[in-house]
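This briefing is meant to be read beside the model, and its points are grouped by topic. Please keep the sequence at hand while going through them.

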Amino acid sequence: MFVRRNLKNGLKVIYEKIPYVQSVSIGVWAGIGSAGETAEISGISHFLEHMLFKGTKKRSARAIAEEMDFIGGHINAFTSKETTCYYAKVIGRNLEVAIDILADMYINAKIDEGDVSLERNVILEEINMYEDSPEDVALDTLAKAAWGEHSLGFSVSGESEVVEKIDRETLLKFADKYYTAENTVISVAGNFDEDYLFRLLEKYFSDIRRGEKITGKEPAIFTPGKVEKIKDIEQTHIALGFEGVPCQSDEIYAEAVMCNVLGGTMSSRLFQKIREEKGLCYSVYSSSESFHQNGLFYIYAGLSPENCESVKEIILGEIESLKKNGITDYELKKGKQQLCGSYLLSLESIGAKMNAMGKCEVLGERIKTCDEVMAGIEAVDSEKINKLINKIFKEDYAESIVTSK
């Protein structure tokens, strides 16, 4: 069971002690991601994430890596649409090393001008790498099609022409605004002594600036439309997007079950019909992204250009079948069993626990217990599924196509 406590400076800490493991996973969460940016600084959250690994007032980039390698630990970070997380996983006895390094990076990053120029080149290469992945391009393009001019449609990495203009001063101002006690949450899961943990957190995070709580943007409005991108590729990649449900919606469980039935697993309708029965593509699946105020349900397929219309026709046909006939009792039972199983397996990962707690807490969302999640899944029935199917699958949808034609 998770516990909440605050440090003396107001920084929120949420943790769950798991005595039967040897390790600890700790994450420092900033309540900012690409959806909180403006077009002029799109990609800055991701840029800043990179810069925190380039050295502090007392550690070089090499020292950060070597100290963690020396204790056999793991340190990394990620930026998402709504959050940025710096995390480490270590054996319990090395908890102080992890907290020391994470706090040093988060509070004392140098962000030197020379490092900014060097890392900008690295990020531009990362953007180029994603551009070489048509699936990623199709899904990024779908987000732009679905959310229009709203920042929820921005790419996490940003656009090359914008990243090229982000300088040291802009990064420092951004960090000063968002990397504060009021906008940060520390999430911890694993085997540790609680009193020892808080002595360490008070010691190493005492210097963080208090700051002011930053409120979120207005919710995005789903905007059906079609976007096509031409690239020198062999396959065509299509993605269809529909307005899904936000994280805290009670319909999140029904959406997950329906997703499994439609295209979320190897036994799903789309996988079986398009790949196994007709051999029209290698990759086809459905998935969803749930945000604090919005959600996107999408279907992706990578295929030969000549099969594009046939596959799209099958996808839309299966959607119409869902709307007309719903799902079978067997599909409902299978979808719920699969969801329960995958959720329970995820609980064996302390990293997954740390992530779930940290994300919810920094976004101000309610953290659900295992019993609540399982009850939510079990409560899904045909009536809830059918109601959601008709809510999600409207006549208009967003569409992205990445092709060579």
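Does C259 count as buried or exposed, and at what relative accessibility? In this predicted model, C259 counts as buried, because its relative accessibility is 8% and buried means under 20%. The points below take up the cysteines, then the strands, the aromatic pairs, the nonpolar cores, two serines that touch each other and one residue with a positive phi.

**Cysteines**

- The structure holds 0 disulfides, and C259 accordingly takes part in none, the nearest cysteine sulfur being that of C247, at 15 Å.
- C308 is likewise in no disulfide, and the nearest cysteine sulfur to it, that of C281, is 11 Å away; a disulfide here requires two cysteine sulfur atoms within 2.5 Å, so a separation of 11 Å does not qualify.
- C308 counts as buried, because its relative accessibility is 10%.

**Strands around β5**

- Strand β5, made up of residues 84-91, runs antiparallel to β3 and is joined to it by 8 bridges; within this pairing, S25 stands opposite K89 of β5.
- Strand β4, residues 74-79, also runs antiparallel to β5, with 6 bridges between them, and the bridge partner of F78 in β5 is C85.
- The connection from β4 to β5 is a hairpin of 4 residues.

**Aromatic pairs and a charge over a ring**

- A search of the whole structure finds 15 aromatic pairs, one of which is formed by Y15 and F198 in an edge-to-face arrangement, with 5.6 Å from centre to centre and 70° between the planes.
- Y15 belongs to strand β2 (residues 12-17) and F198 to helix α8 (residues 194-205), so this pair ties together parts of the chain that are 183 residues apart in sequence.
- Both Y15 and F198 are buried, and R5 lies over the face of F198, at 3.7 Å from the ring centre.
- Y86 and Y179 make another edge-to-face pair, with their centres 6.0 Å apart and 75° between the planes.
- This pair links distant parts of the chain, since Y86 sits in strand β5 while Y179 sits in the loop between α7 (168-178) and β6 (184-190), 93 residues apart.
- Y86 and Y179 are both buried, and together with F53 and Y106 they form one aromatic cluster.

**Nonpolar cores**

- The largest nonpolar core has 54 residues, of which I26, I99, L171, Y179, L201 and F205 touch the most other members.
- Helix α3 (residues 95-108) gives the most to this core, contributing 8 residues.
- Beyond its neighbours up to four places away in sequence, Y179 touches A30, I32, L48, L52, T84, Y86, Y106, T184 and I208.
- Another core, of 43 residues, lies apart from the largest one, and its members include F242, Y253, C281 and I315.

**S34 and S155**

- S34 lies in the loop between β3 (23-30) and α1 (44-51), whereas S155 is found in the loop between α5 (134-147) and α6 (160-163).
- S34 is buried, because its relative accessible area is 0%; S155, with a relative accessible area of 11%, is also buried.
- Leaving aside neighbours within four places in sequence, S34 is in contact with S45, S80, K81, S151, F154, S155 and V156.
- On the same basis, S155 is in contact with S34, S42, D140 and K144, so that the two serines appear in each other's contact lists, where contact means heavy atoms within 4.5 Å.
- The C-alpha atoms of S155 and A143 are separated by 8.3 Å, although these residues are 12 places apart along the chain.

**A positive phi at I111**

- Most residues other than glycine have a negative phi.
- Against that background, I111 has a positive phi, near 50°, and its place is in the loop between α3 and α4 (113-131).
- I111 is buried, because its relative accessible area is 4%.

Key:
Residues numbered from 1 in each chain as written. Predicted model: local features only at pLDDT ≥ 70, side-chain atom pairs only at ≥ 80, totals over all residues. Heavy atoms only, no water. Helix = DSSP H or I, 4+ residues; strand = E, 2+ residues; numbered from the N terminus. Buried < 20%, exposed > 50% of the residue type's maximum accessible area, 1.4 Å probe, protein only. Pairing = 2+ DSSP bridges. Phe/Tyr/Trp six-rings, centres within 6.5 Å; stacked < 30°, edge-to-face > 60°. Lys NZ or Arg CZ within 6 Å of the ring centre and 35° of its normal. Core = buried A, V, L, I, M, F, W, Y, C linked by side-chain atoms within 4.5 Å.
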